[in-house]
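Here are a few short exercises to work through with the structure open. Try each one before you read its solution.

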Amino acid sequence: MNSSEDSTPTPLGGISYVTPPAGYTLSGRDGRVAIPWDGKPPIPLLDEDLASMQQEGPDYDMVGRGIYQALRLDPECAHAAEYAAVLKEAYPHIVSELGGQVIMMDAKELDSAYLDRKITCLKILALLDPSNAGLQVEIGRTFADRGSRLDALQQAVGSWYGAERHLKKALELGSPDSRVAYEYGEALYVVGRYDQAAGVWAESLPGLAEGKRAPLAARIAAILAGKLPLVSPLDYLTALAVALEERNAGRNDEAAAIIEDVLADPFFVEQFPMGEVYYLLGTCYQELGMVNEAAETFRRSR
């Protein structure tokens, strides 16, 4: 991962970095934009724009396209915060487009690929508004959503650590949403930081609705009593990703063995919805000719 403090630009496909001549000023929007570039980082440009650039430096549209594409490819690239500041000051139409994309995605059911795009858009918006706790909440929740999907379990590690990081930041920024502390504790639990999860949950109990306190108190008590999964839930999710790969490769016996090991841990099964996993196991049994086992497993998936 690259931080915005890195001095070396992040290599990105289709992007070249240029240092404009001394005294270069980014100008556009009929004189409403005039940003002196001295002291700023190299400008990311699309390779095709670089080929047509004049000696005096890139024009307004080239810079906007290049910065926007660089942030879409990696919103955590070197100098990301500085590039975002330029977008905010000089390219309001791009900022508006970003916001519109997020609104559009929120209005429909998203598959995993769209969740990736949503995370990227939200990260860019967070660069534009770093003190906005709500954006951090949405990034964290979207990571958690992606990390819980069977078709995206190959990204489970990055997803759950991303959820933990951004939900923690939302709390640090003072999010007023009472659910965020619970969700942060859930992310801590998934990555295996059980004591931290119990502490966060204990602090959040007074702010929860009456009907939600007892189940959470029971989870805290289980942690304190040592009633925990044999390995971290994240390790189980990673194992299920391997099982899915085995199933897709036609190695149903190996996939079934992995899933059976995961489902043998009652503490993990109790905490996570397993309907899709039982269905996956049922398809393995079906392919192996284990008709009775498949029927029973499909029943449990409902």
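The crossing of helix 8 and helix 10 is left-handed. Keep in mind that this is a predicted model.

**Exercise 1.** Work out how helix 8 and helix 10 are oriented relative to each other, and which residues make the contact.

*Solution.* Start with the general recipe: two packed helices are described by the angle between their axes and the distance between the axes. For helix 8 (residues 179-190) and helix 10 (residues 210-224), the axes come within 13 Å and cross at roughly 30 degrees. Angles under 35 degrees count as roughly parallel, so helix 8 and helix 10 are roughly parallel to each other. Next, look at who's touching: helix 8 brings Tyr182, Glu186 and Tyr189, while helix 10 brings Leu216, Arg219 and Ile223. Sorted by class, that contact has four nonpolar and two charged residues, with no polar ones.

**Exercise 2.** Decide whether His166 is buried or exposed, and find what it touches.

*Solution.* First locate His166: helix 7 (residues 156-172) holds it. Its relative accessible area is 9%. Buried means under 20%, so His166 is buried. Leaving out residues up to four places away in sequence, His166 touches Lys123, Gln136, Ile139, Gly140 and Phe143.

**Exercise 3.** Pick out the best-connected members of the largest nonpolar core, then look for a second core.

*Solution.* The largest core has 70 residues, and Leu26, Ile67, Leu71, Tyr91, Trp160, Leu237 and Ile259 touch the most other members. Helix 5 (residues 112-128) gives the largest share, eight residues. Zoom in on Leu71: beyond neighbours within four places in sequence, its contacts include Cys77, Tyr83, Leu87 and Ile124. The second core is separate and has 18 residues, among them Val180, Ala181, Tyr184 and Ile220.

Technical notes
Residues are numbered from 1 along each chain as its sequence is written. This is a predicted model: local features need pLDDT of at least 70, side-chain atom pairs count only at pLDDT 80 or more; totals for chains, interfaces and linings use all residues. Side-chain values use heavy atoms; hydrogens and water are left out. Helices (H or I, at least four residues) and strands (E, at least two) are DSSP runs, numbered from the N terminus. Buried means under 20% relative accessible area, exposed over 50%, partly exposed in between (1.4 Å probe, protein chains only). Contact means heavy atoms within 4.5 Å. Axes are lines fitted to C-alpha atoms, for helices over the stretch in contact, and angles run from 0 to 180 degrees between N-to-C directions. Angles under 35 degrees count as roughly parallel, over 145 as roughly antiparallel, 65 to 115 as roughly perpendicular and the rest as oblique. A crossing is left-handed if the near helix is turned anticlockwise from the far one by less than a right angle, and right-handed if clockwise. Ala, Val, Leu, Ile, Met, Phe, Trp, Tyr, Cys and Pro count as nonpolar, Asp, Glu, Lys and Arg as charged, and the others, Gly among them, as polar. A nonpolar core is a set of buried Ala, Val, Leu, Ile, Met, Phe, Trp, Tyr and Cys residues joined through side-chain atoms within 4.5 Å.
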